[in-house]
Amino acid sequence: MHNEVHIVRAQLQDLISEARHNQSILNRHQTLDLQLIGAHSFRELLQHIFVTLAEICELDQVSLSLVNTQHNLQEMLADLKIDKEEFPFLLFAQTETDLQIAGHPLKKPILGEFDQTMHQSLFACCFEQPVSVAIIPLIRQSKLIGSLNLGSAQPERFVSDMGTDFIERLASIIAICLENVINSERLTQIGLTDALTNVSNRRCVEQRMLEEIARARRQHYSIACMYLDIDHFKKINDLHGHQGGDEVLKEAAKRIKAELRLSDTIGRFGGEEFVVLLINTSHDNAKHVAERIRKSIADKAFLLSMTGACDVSLSIGIATLSDNHNSGEIENTAQALLSRADRALYDAKEKGRNCVCEAPDV
């Protein structure tokens with residue numbers, strides 16, 4: 001009798017331990033769900049997918065493939081200053097067909113042994129090759145928007161006959177969260193983007209200037225501000241019409257942006273004026289970038305849809321804010337930097353246009 005009681009107690013203790021273990025797993029998964037749902041930005045959501053998900057679910061590899069069709073997600077990432085190096089496990093497919101596995105559409109989770117032929121493209125970005133994998137479709141409104149790709153070094157972690165309820169639920173949450181943050185980011189971007197040129201508007205540039213001055217102050221580097229103005233823009237409008245003028249503005253913005261880094265900011269300040277913020281940039285480097293921009297505009301005629309070729313030039317004023325002089329109220333510092341660049345632009349106009357002038361370095 002004593003032995004039977006001992007056996008029952010041991011079995012009960014095992015059941016209690018298993019229940020506690022299962023409760024711990026449930027709590028961790030609930031924490032993951034709340035963090036995914038609570039993500040306020042695309043960057044924050046990606047961090048939870050690549051870091052939090054991997055840690056909580058004890059995964060060796062996690063990658064995310066997104067279909068880059070109508071929404072032009074890569075352009076959105078550029079607008080958000082998110083580059084490839086920040087999230088190397090984020091992949092893009094041009095169509096749903098690119099996410100087919102062995103020639104079949106991805107409609108249900110695919111679990112099993114890693115296959116070099118079928119799965120390599122989904123895990124090539126990872127540091128090590130997985131042994132077992134789960135490829136989970138992300139579906140919204142009956143449309144495939146991507147796939148969540150999970151890998152493990154354990155061969156038994158993902159097998160073809162295991163249940164998929166949990167990972168399908170996880171995929172549903174991630175798909176909803178992706179849709180929500182993408183829509184939210186786009187709405188925010190609309191409010192901060194110039195509708196004609198598709199670069200930042202004045203409000204956005206002024207906001208970024210305050211942020212960048214504060215960051216430069218904390219991290220002790222210099223920033224530069226360029227004030228740019230299209231020369232004789234009224235004559236362009238008179239000769240080529242307002243449609244031609246709009247095309248010049250759009251092409252000018254495109255050429256300026258092409259000369260900048262992802263960390264830099266370009267914005268239309270109004271009319272034919274643009275402002276550029278160069279991050280962690282010396283005075284000499286700012287001059288070099290400004291001259292590149294000036295040449296990119298002046299050296300190649302603009303081809304307009306209605307009236308043909310149009311020669312365009314820019315006048316540019318530069319002001320640099322060194323680490324030694326980045327002090328005082330940030331709003332006042334920003335206004336002073338912009339005013340100095342504006343004054344240098346006025347000097348460029350006075351010197352005959354199509355040139356770069358510099359404000360005295362501080």
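Here's a quick tour of two helices, a pocket and some cysteines. The structure is a predicted model, so treat it as one as you read. A good place to start is helix H6, which runs from residue 202 to 219 and gives the most residues to the lining of the largest pocket.

**Helix H6**
- H6 has 18 residues, and at 1.5 Å a residue they should span 26 Å. Its end C-alpha atoms sit 25 Å apart, which agrees with that figure.
- Tucked away as buried residues of H6 you'll find Cys204, Val205, Arg208, Met209, Glu212, Ile213, Ala214 and Ala216.
- Look at how those numbers are spaced, then recall a bit of helix geometry: an α-helix has 3.6 residues a turn, so residues three or four places apart point the same way.
- What covers the buried residues of H6? The cover includes four strands, E6 (223-230), E7 (265-270), E8 (273-278) and E11 (314-321), along with helix H9 (330-350).
- Right after H6 comes histidine 220, and its phi is positive, near 60 degrees.

**Helix H5**
- H5 (165-191) is built from 27 residues. From first C-alpha to last it reaches 40 Å, close to the 39 Å expected at 1.5 Å a residue.
- The buried residues of H5 include Ile167, Leu170, Ala171, Ile174, Leu178 and Val181. Glu185 and Gln189 are buried in H5 too.

**The largest pocket**
- The largest pocket holds about 730 Å³ of space, and 30 residues line it.
- Which residues lie nearest its centre? They are Ala78, Asp79, Leu80, Lys81 and Arg208. You've met Arg208 already, as one of the buried residues of H6.
- Helix H3 (73-79), H5, H6 and E7 each supply at least two residues of the lining. H6 gives the most, with six.
- By type, the lining splits into ten nonpolar, nine polar and eleven charged residues.

**Cysteines**
- How many disulfides are there? The count is zero, with a cut-off of 2.5 Å between the two sulfur atoms.
- Cysteine 126 is in no disulfide, and the nearest cysteine sulfur, in cysteine 125, is 4.2 Å away. Cysteine 126 is buried, at 11% relative accessible area.
- Why is cysteine 204 not bonded to cysteine 225? Cysteine 225 has the closest cysteine sulfur, but that sulfur is 14 Å from the one in cysteine 204, which is too far for a bond.
- Cysteine 204 counts as buried because its relative accessible area is 8%, and the cut-off for buried is under 20%.

Terms used: Residues numbered from 1 in each chain as written. Predicted model: local features only at pLDDT ≥ 70, side-chain atom pairs only at ≥ 80, totals over all residues. Heavy atoms only, no water. Expected span 1.5 Å × (residues − 1). Buried < 20%, exposed > 50% of the residue type's maximum accessible area, 1.4 Å probe, protein only. Contact = heavy atoms within 4.5 Å. 1 Å grid on protein atoms, 1.4 Å probe; cavity = no way out; pocket = protein on both sides within 12 Å on 5 of 7 lines; lining within 4 Å. Points joined across faces, edges and corners; volume = space filled by probe spheres on them. Nonpolar A, V, L, I, M, F, W, Y, C, P; charged D, E, K, R; others polar.
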